[in-house]
Amino acid sequence: MAEDKLIIVDTSMFGQDADAKTTEAIKVVKEFGIGDDEIAQVEQFKQDLTDHNAWDLPFMGYVNEEGYGYAYVPDQAIAAPNWDAHKAFKNLPYDVQTAFAIRMLFTHRDVDRYGANMFLHYERGFTVRFEGPGSNNY
């Protein structure tokens, strides 16, 4: 895997406030040439997830099948009454999807980090390395 497709996430960021995590995520997003317009669309999609109460759904498509690892479940992100969060995510422009997934690497929720990791690995060819307190690197 090429070094230019490597994202290193410092796990000490997870305990930081939202502004610090956002600042770090945006720095990483911009390192991959993604601009302010795409970042603004990430913020809009975050608002869409909030408006539809869809944050607990596998909106990037990946879910942890307890004991079985991660699975791609594109039909499991339907918010009431019928908003398909995964379809909405897939309808975002390519760079917005990538920026959103990178942003989720810095969140406080394991489910978002790991779903983003799987998306970035399988759909964008990135390697994500978590380093620092609580990381599972050997």
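Which helices each supply at least two residues of the lining of the second largest cavity? I started my notebook with that one, and the answer is α1, α2 (36-51) and α4. A reminder to myself before going on: this is a predicted model.

**Entry 1: the second largest cavity**

I looked up the residues around this space and found I26, V29, I39, V42, A99 and R103. Its volume comes out at about 40 Å³. I sorted the lining by class and got five nonpolar residues, no polar ones and one charged. I then checked how many cavities reach 30 Å³ or more, and the count is two.

**Entry 2: the largest cavity**

Next I turned to the largest cavity, with a volume of about 70 Å³. I noted a run of names in its lining: W55, D56, L57, P58, F59, M60, G61 and Y62 are among them. R109, V111, D112 and G115 also line this cavity. Which helix gives the largest share of that lining? I found that it is α5, with three residues. By class I have seven nonpolar, two polar and three charged residues here.

**Entry 3: helix α5**

Since α5 had come up, I followed it from end to end. The helix covers residues 110-124, which is 15 residues. From first C-alpha to last I get 20 Å, close to the 21 Å expected at 1.5 Å a residue. I also wanted to know which of its residues are buried. My list reads D112, R113, G115, A116, N117, M118, F119, L120 and R124. D112 and G115 I had already met, in the lining of the largest cavity. Just after the helix I found G125, with a positive phi near 75°.

**Entry 4: the largest pocket**

Then I moved on to the open spaces. The largest pocket has a volume of about 210 Å³. I see 13 residues in its lining, and K46, R103, M104, T107 and H108 lie nearest its centre. R103 is a name I had noted before, in the lining of the second largest cavity. Where does the lining come from? α1 (18-31) and α4 (94-104) each supply at least two residues, and the largest share, four residues, belongs to α1. By class I wrote down five nonpolar, three polar and five charged residues.

**Entry 5: T11**

I picked T11 next, which sits in the loop between β1 (6-10) and α1. Is T11 buried or exposed? I have it as buried, because its relative accessibility is 8%, and the cut-off for buried is under 20%. What does its side chain meet? A polar atom of the T11 side chain lies 3.4 Å from the backbone oxygen of G132. Setting aside neighbours within four places in sequence, I found T11 in contact with F130, E131, G132, P133 and S135. So G132 turns up in both of my T11 look-ups.

**Entry 6: L6**

My last stop was L6, in strand β1. L6 counts as buried too, because its relative accessibility is 18%. Which residues does L6 touch, leaving aside those within four places in sequence? I noted F32, T127 and R129. I also looked up how far L6 is from F89, which is 83 residues away along the chain. Their C-alpha atoms are separated by 23 Å.

Methods
Residues numbered from 1 in each chain as written. Predicted model: local features only at pLDDT ≥ 70, side-chain atom pairs only at ≥ 80, totals over all residues. Heavy atoms only, no water. 1 Å grid on protein atoms, 1.4 Å probe; cavity = no way out; pocket = protein on both sides within 12 Å on 5 of 7 lines; lining within 4 Å. Points joined across faces, edges and corners; volume = space filled by probe spheres on them. Nonpolar A, V, L, I, M, F, W, Y, C, P; charged D, E, K, R; others polar. Expected span 1.5 Å × (residues − 1). Buried < 20%, exposed > 50% of the residue type's maximum accessible area, 1.4 Å probe, protein only. Polar contact = N/O pair within 3.5 Å; in protein donor to acceptor, adjacent residues only side chain to side chain. Contact = heavy atoms within 4.5 Å.
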